[in-house]
Each structure stands twice: as structure tokens, then as C-alpha cells.
Amino acid sequence: MLGSKSLLFKQQKRKRKNGKIKKSKRISVSAKEETVAEPYQIAPEEEEEEEEEDEGFSLKSSAQSDSYGVQPLGNLYFNPSSHNSRNTGLGNLQTLTDELVLDILGLLEGTHLGILSTVSKGFYIFCNHEPLWRNLVLETCKGGFLFKGCWRSTFVSAYRPSFPVLSFGLKVRDFYSDYLFQSWLCANLEMKPEWLERDNIVRRKGISLDEFVMDFEEPNKPVLLEGCLENWPGLEKWNRDYLVEKCGDVKFSVGPVEMKLEDYFKYSDQVREERPLYLFDPKFAEKIPQLGKDYDVPMYFNEDLFSVLGNERPDYRWIIIGPAGSGSSFHIDPNSTSAWNAIIKGSKKWILFPPDVVPPGVHPSPDGAEVASPVSIIEWFMNFYNATKNWKKRPIECVCKAGEVIFVPNGWWHLVINLEDSIAITQNFVSRRNLVNVLEFLKKPNACTLVSGTNDRVNLHDKFKNAIEAHLPGTIDELTLKAEEKKAQQNKPSFWDSVTDSNAGAFRFSF
């Protein structure tokens with residue numbers, strides 16, 4: 001039964017099969033070989049306590065059982081009849097994978113999904129899968145939406161506000177599916193303590209600009225900086241009431257839609273899904289000038305050479321707001337820039353890999369234009385986090401809290417998940433230390449697909465280079481020569497040879 005607070009998730013290894021991996025699909029691929037999960041199993045009630053102490057997962061206190069009664073496939077072994085209503089409900093389509101069934105249903109309009117859900121118990125479950133209705137809302141409600149507790153109700157109310165929609169699902173007995181169950185599981189899992197305890201990033205407070213450049217920016221190492229935001233008005237003022245009052249009816253970018261801040265907070269308070277929508281707006285300071293006055297760029301990041309382009313520069317600063325569980329899956333920051341991220345409210349878990357180490361479960365395309373990764377951040381933690389424990393080049397990790405700033409060097413892979421309701425500011429920048437890298441990136445043959453944040457991707461390299469030469473003549477040649485000399489001297493021990501987990505007693509790295 002689904003009442004257990006402790007879930008077993010086991011894995012067995014198999015050889016990798018050939019085939020393409022699509023972006024944002026459920027995949028279970030480690031760095032060396034593919035792993036396929038055996039069916040989930042819910043432990044019998046009398047064994048809950050023992051399993052919870054061992055290798056089980058804990059659910060959030062607010063978690064409710066799956067709305068439609070979906071159970072993990074492992075529970076089928078406890079069913080004396082071995083009956084799975086998934087198969088009888090789908091008829092001849094039962095041979096298709098759950099993922100393929102959902103891909104087909106994703107081609108339908110809302111009305112047709114609703115009609116098909118009445119055909120059988122199996123179709124009822126599939127047609128009420130929340131991500132299907134979420135996609136419909138995001139595709140059709142570009143001007144925003146009022147969340148009504150679930151995506152199906154939200155979609156219906158957008159077109160027929162007075163139409164009654166059940167706020168609860170009808171339970172279907174004996175429906176077993178790992179794929180559908182995992183969507184619910186990822187939305188309701190607590191972060192395991194072991195996912196949060198590793199702390200191995202350098203932490204600094206009150207260092208000089210020269211120290212920052214020499215110890216971190218020049219060698220391209222992450223660092224967490226304390227005490228940088230003490231004079232920020234936003235650190236004290238930025239709460240929900242203040243932001244809603246200041247922003248009023250102005251709409252911000254939330255995924256593919258635009259929403260008023262008040263409506264977004266209503267959504268984030270209610271939603272329980274594995275990939276909560278993230279408010280991530282690059283024009284917040286232009287929309288609400290006061291927000292741009294409520295913070296100052298820390299002195300370590302004042303040099304931003306993209307500023308020579310004026311209004312033609314790519315997007316470079318964002319306000320970020322999201323509930324617990326929201327965040328960004330593994331990515332490298334755009335245009336080979338470095339970045340800083342300042343937490344104003346809440347806290348975030350960070351995991352960073354250097355440019356030469358691709359995170360497990362992440363598969364960039366050969367040209368770097370696309371990245372295939374697990375559907376949700378929690379899914380990555382469930383399936384791949386433990387794989388990094390024995391790596392020689394272990395990731396840099398930390399929990400960054402309000403008032404702290406993290407420096408993310410160019411080219412580093414990083415994942416971020418909000419541990420609570422969070423508000424942050426982030427900016428990408430180009431300094432003399434990474435100018436050569438940025439110029440090389442912008443002139444790549446496939447720059448039209450790689451460059452982001454601007455409408456003129458093809459000509460950005462020439463515009464930027466010409467502007468730098470006009471404002472800082474000789475700088476590019478000087479930095480190019482230094483970069484070539486540095487490459488010739490790369491025989492020193494790597495940064496990773498000196499990294500030691502802060503909890504092991506050596507010098508401390510932490511956010």
C-alpha cells in the first residue's frame with residue numbers, strides 16, 4: 001500500500017544500449033555504465049521503522065498519497081491476483097512504454113484528453129497525468145494563469161471559470177507504474193540529510209579584490225563570499241509584501257509565461273510537483289527600477305566588459321524566485337561567462353563540477369547546443385548523487401544561505417535546488433580573466449545555436465571585439481599572449497589534487 005513513509009529504491013547494472021537520449025527524459029545513466037532501476041517497492045507497514053533507518057527515502061510531512069492510486073511496480077508482487085489495471089485499461093496499447101503513451105497523449109487538446117479519460121481506468125490515470133495539463137496551460141496561457149490546486153483544474157478554469165471540476169481524483173485499484181509513480185515520488189521526497197552534509201567549498205570573508213582575483217578568479221575556482229550584502233537595502237526589504245506592493249500588475253517571466261508576482265506566489269504556495277516553475281526574469285530592473293536600486297554589485301565583480309555594448313549586450317542579470325524544490329538542473333552559464341549569485345531570502349544547495357568533468361547522468365550533445373538530463377533535480381539526486389562519492393574529482397558542494405554570495409567560474413557545470421522559499425539575484429559578467437574565453441566561444445561555427453540572451457547571435461563576436469578594441473586598445477592582444485603562456489606552463493598539480501572535504505579535518509571549503 002502507499003501509506004509507507006519509507007520507500008525502497010534498488011538498482012542493478014546492465015550494459016549500455018545504443019540509442020539517442022532525448023532532452024529532459026527519465027534516464028538512468030551513470031558516468032561509466034547505464035543503470036536500470038528495479039521496480040520500486042513499498043515496505044510492509046510493520047517493517048517501516050527498520051527500513052527508514054536503513055536506505056529508505058522519507059516523504060515530506062505535507063505529502064499525500066497519489067491522487068489516483070498509482071503504485072510502484074514492485075507492489076504488484078504483493079497482489080495475489082497479479083492484476084495490473086494499467087494493461088487491461090490500455091488494451092492493445094499496453095505494449096507501449098508509459099513514456100511513449102504520454103508522448104502520444106501530449107499531442108491531444110484538453111477536450112480530447114478529457115473525453116479519452118472516460119474510456120477506461122487505465123486511460124483515466126494517463127489522461128489525468130499532471131504534466132500533460134501543465135503543458136497545456138503553459139502553451140495556451142502565455143499571459144499568466146491563476147493556479148487552482150492542480151493543473152487540470154487550472155486549465156479548465158481558464159476557459160470555463162464556472163465549470164465545476166473535482167478537486168480530488170478517483171482512486172483506481174491495482175494500477176502499477178514506476179514511471180508515473182516516480183513523478184509523484186520526486187514531488188514529495190524530502191532531501192536526504194546525506195545529500196546536504198557534504199561541504200567542501202572555500203569560504204572567505206573580507207578579502208581584498210587582489211586576493212579574489214589571484215586565489216579564485218584567475219585559477220577559475222569557486223568560492224563562497226560572506227559579508228558582501230550587508231549594505232544592500234534589498235536584504236532587509238525584499239519580502240513578499242514589499243515585492244508584491246512594488247511590482248503591482250507588472251508581469252515577470254516564469255518559464256514560457258508572464259505572471260504577476262502575486263499570482264506566482266499563489267501558485268508556489270499550492271504546487272506540489274517535481275519541477276516547480278521558477279521565476280527567472282532578466283528585465284526586472286527595467287520593469288521596476290527600484291529593484292535595481294535595492295542592490296549593488298559586490299566589488300569583486302565590478303569589471304564587466306560586456307557593458308561596452310550598452311543596450312546591445314546579452315541578458316546578464318536576473319531576479320530569481322522559487323519555492324522549495326525549484327531550481328536549475330545541470331548547466332554551464334551562457335556565453336562562457338562567469339557568474340555570481342546572491343541569496344536574499346532562503347537557502348540553496350549547490351553542486352559544481354569543473355569544465356573537464358561532465359556530471360553523471362548528464363549528456364551534452366557533441367556541439368554543446370543541447371543537454372540531456374533527468375527530468376527533475378530530485379531524480380538526479382536519487383539516481384546519481386551517490387555515484388560521485390568515490391570520484392577522484394569530487395564535486396564542489398555547499399548550502400548557500402541568505403546574505404551569502406557564490407562565485408561560479410566560467411565553464412563549470414552546476415546544479416541548484418531551493419531548500420525553502422528563496423529570493424536571489426544573479427549576474428553573469430566578463431572580466432579580463434575570461435575575456436579570451438568569451439571571444440573564442442562567440443566565434444564558434446555554431447554560435448547561432450550556442451549564444452544566448454541576444455537577438456543578434458551571429459554578429460555578437462564582431463560587435464564585442466570591436467567595442468573592446470575601441471574602449472581598451474591592445475587589451476585583447478595582451479590577454480591572448482598571457483593565455484598562451486599560461487597553457488604552456490600547465491604542469492603544476494591541479495586544484496583537485498589539493499581538495500579535501502571540510503568535514504575530514506583539512507582546510508575548509510564550504511558555502
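This is a short chat about the packing and the cysteines in a predicted model.

Visitor: What should I know about the numbering and the cut-offs here?
Guide: Residues are numbered from 1 along each chain as its sequence is written, and side-chain values use heavy atoms, leaving out hydrogens and water. The model is predicted, so local features need pLDDT of at least 70 and side-chain atom pairs count only at pLDDT 80 or more, while totals for chains, interfaces and linings use all residues.

Visitor: OK, which residues touch the most other members of the largest nonpolar core?
Guide: Phe 145, Phe 212 and Phe 381, out of 93 residues. A nonpolar core here is a set of buried Ala, Val, Leu, Ile, Met, Phe, Trp, Tyr and Cys residues joined through side-chain atoms within 4.5 Å; buried means under 20% relative accessible area, exposed over 50%, partly exposed in between (1.4 Å probe, protein chains only).

Visitor: And which helix gives the largest share of this core?
Guide: Helix 16 (residues 377-384), with six residues. Helices are DSSP runs of H or I, at least four residues, numbered from the N terminus.

Visitor: What is Phe 381 in contact with, leaving aside neighbours within four places in sequence?
Guide: Met 191, Trp 195, Lys 349, Ile 351, Leu 415 and Ile 417, where contact means heavy atoms within 4.5 Å.

Visitor: Switching topic, how many disulfides are there?
Guide: Zero, taking a disulfide as a pair of cysteine sulfur atoms within 2.5 Å.

Visitor: Why no bond for Cys 398?
Guide: Its closest cysteine sulfur, in Cys 400, is 5.7 Å away, so that's too far for a bond. Cys 398 counts as buried, at 1% relative accessibility.

How values were computed:
Helices (H or I, at least four residues) and strands (E, at least two) are DSSP runs, numbered from the N terminus.
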